[in-house]
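Good morning, and thank you for the opportunity to speak. I shall present one structure today and go through it region by region.

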Amino acid sequence: MEITGRTGGKPGERARRKAGRERRKIDGRHVRKIAGAAALRDPRECTSYPCVSIREVVVHSLSDLIAQTTPEPDPSSGRRRSAGVYRGAPDASSPLFTSLDKLGGAGRPHGKAELEEFILRSFIRYSRPYFSNPPVNDWEVLIAAQHHGLPTRLLDWTYSPLVAAHFATVDQAVKTDRAVWRLDWKAIHRHFQLPELALLTQDLEGILGGTRPFTPSALFGMRDDIRPFACMLEPPSLDARIVAQSAAFTLCSDKRQPFDRFLEHHDLGDALAKLVIPAKEAGRIRDQLDLVSVDERRLFPDLDGVAAHLRRYYS
């Protein structure tokens, strides 16, 4: 067994460390160029997960957020159309855990991953009376289950950075920095040799299926290392909330690590960026979102949404 100290190391390690320092300098200059006037954090000081460095930009207002998420004009059309999706988080330091990841509790993420299929089968068994229209396939059941709070491996995203900012700032009791994550899902599709289209449920069997139908049960039975993949899944308009929230999901083959660490493991860390809202600015951005009508009443267009909006607004 070889033991190396802080100043020692294996042959070539010193050169690798020097090259790494130079690369970080270059990356740092690249981040400053992209971020413009917005304040930046050094990702080495605050990472989303041990050994995972994600580019971070600090935003202080809604105008900052819009500026950071507005792309350059497309050369062919001249329009500014983003290839990103967004996810709001009330704690900027938290990894991208799915609800299935968190089922085991904060101290034991991924601890109950093996219950995934049993949980969904139970949902299928008990949910049927409550569907006004029967699901077309089990993927629709999985999406409905996620949408109603069942722990699944799906991760919620939205095409709107403002909707993501709503979910990041809606809990007024939180005192930590908030975050709006941005994901370049097309870069992920290119890496895993998938079409540069957000997949529909009916696409999954044809694109990801093999010799057997590609169903949620088939996915649950796959080994994580057989065919690793992640993809963007666009849900059908099962209810008004999905439409109002411009909802989308990512589906990943790996349920044993956070999504950001999975991407980093596959050299896709650059597909993620984190727009950090400092705790002291969260109230201001929350009020600005209310001014532009991004609130519970619009995003949850039912009586629950109306009540939630009024309860928060007047508290």
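Let me begin with a question: is arginine 312 buried or exposed? Arginine 312 is buried, as its relative accessible area is 9%. I should say at once that this is a predicted model, and I shall return to the predictor's confidence at the end.

Let us stay with arginine 312 for a moment. Its partner in a salt bridge is glutamate 296, and the closest N and O atoms of the two are 2.7 Å apart. This pair links distant parts of the chain, for glutamate 296 belongs to helix α12, residues 296-299, and arginine 312 to helix α13, residues 303-313, with their positions 16 residues apart. Glutamate 296 also counts as buried, at 6% relative accessibility. Salt bridges with shared partners connect Arg286, Asp290, Glu296 and Arg312 in one network.

How many salt bridges does the structure hold? There are 12. I shall show two others.

One of them joins the side chains of arginine 284 and glutamate 281, with an N to O distance of 3.9 Å. Both residues lie in helix α11, residues 279-291, and they are three residues apart, about one turn of the helix. There is a general point here for those who are new to helices. An α-helix has 3.6 residues a turn, so residues three or four places apart point the same way. The two partners may be described by their accessibility: arginine 284 is partly exposed at 44%, whereas glutamate 281 is buried at 14%.

The other salt bridge is formed by glutamate 196 and arginine 190, whose closest N and O atoms are 3.3 Å apart. Glutamate 196 is partly exposed, with a relative accessibility of 39%. Arginine 190 is partly exposed too, with a relative accessible area of 45%.

Glutamate 196 leads us to histidine 189, since the two residues are in contact. Histidine 189 is part of helix α6, which covers residues 185-191. Its relative accessible area is 0%, so histidine 189 counts as buried. Which residues does histidine 189 touch, once its neighbours within four places in sequence are left aside? They are Leu194, Pro195, Glu196, Leu197, Leu199, Ala230, Cys231 and Met232. With methionine 232 there is a further detail: a polar atom of the histidine 189 side chain lies 2.9 Å from the backbone nitrogen of methionine 232.

Cysteine 231 was also in that list of contacts, and it raises the matter of disulfides. A disulfide is a covalent bond between the sulfur atoms of two cysteines. How many disulfides does a search of the whole structure find? The search finds zero. Why is cysteine 231 not bonded to cysteine 252? The closest cysteine sulfur to that of cysteine 231 is the one in cysteine 252, and because 8.9 Å separates them, they are too far apart for a bond. Cysteine 252, for its part, is in no disulfide. Both of these cysteines are buried: cysteine 231 has a relative accessibility of 2%, and cysteine 252 has a relative accessible area of 7%.

I turn now to helix α4, which spans residues 138-147. Nine of its 10 residues are buried, and therefore the helix is largely enclosed by the rest of the structure. Among the buried residues are Trp139, Val141, Leu142 and Ile143, and also Glu140, Gln146 and His147. At the start of α4, a side-chain oxygen of asparagine 137 comes within 3.1 Å of the backbone nitrogen of tryptophan 139. After the helix comes glycine 149, which has a positive phi, near 100°.

For contrast, consider a residue in a loop. Arginine 81 sits between α2 (62-69) and β2 (84-89). At 57% relative accessibility, arginine 81 counts as exposed. The C-alpha atoms of arginine 81 and threonine 70 are 8.0 Å apart, while 11 residues separate the two along the chain.

Finally, I return to confidence. The average pLDDT of the chain is 84, and 82% of the residues score at least 70. Where does pLDDT stay under 50? One such stretch is residues 1-11, for which the model has six contacts beyond four places in sequence. Another is residues 22-49, for which the model has 42 such contacts.

Thank you for your attention.

Notes:
Residues numbered from 1 in each chain as written. Predicted model: local features only at pLDDT ≥ 70, side-chain atom pairs only at ≥ 80, totals over all residues. Heavy atoms only, no water. Disulfide = S-S within 2.5 Å. Buried < 20%, exposed > 50% of the residue type's maximum accessible area, 1.4 Å probe, protein only. pLDDT = per-residue confidence, 0-100. Contact = heavy atoms within 4.5 Å. Helix = DSSP H or I, 4+ residues; strand = E, 2+ residues; numbered from the N terminus. Polar contact = N/O pair within 3.5 Å; in protein donor to acceptor, adjacent residues only side chain to side chain. Salt bridge = Lys/Arg side-chain N within 4 Å of Asp/Glu carboxyl O.
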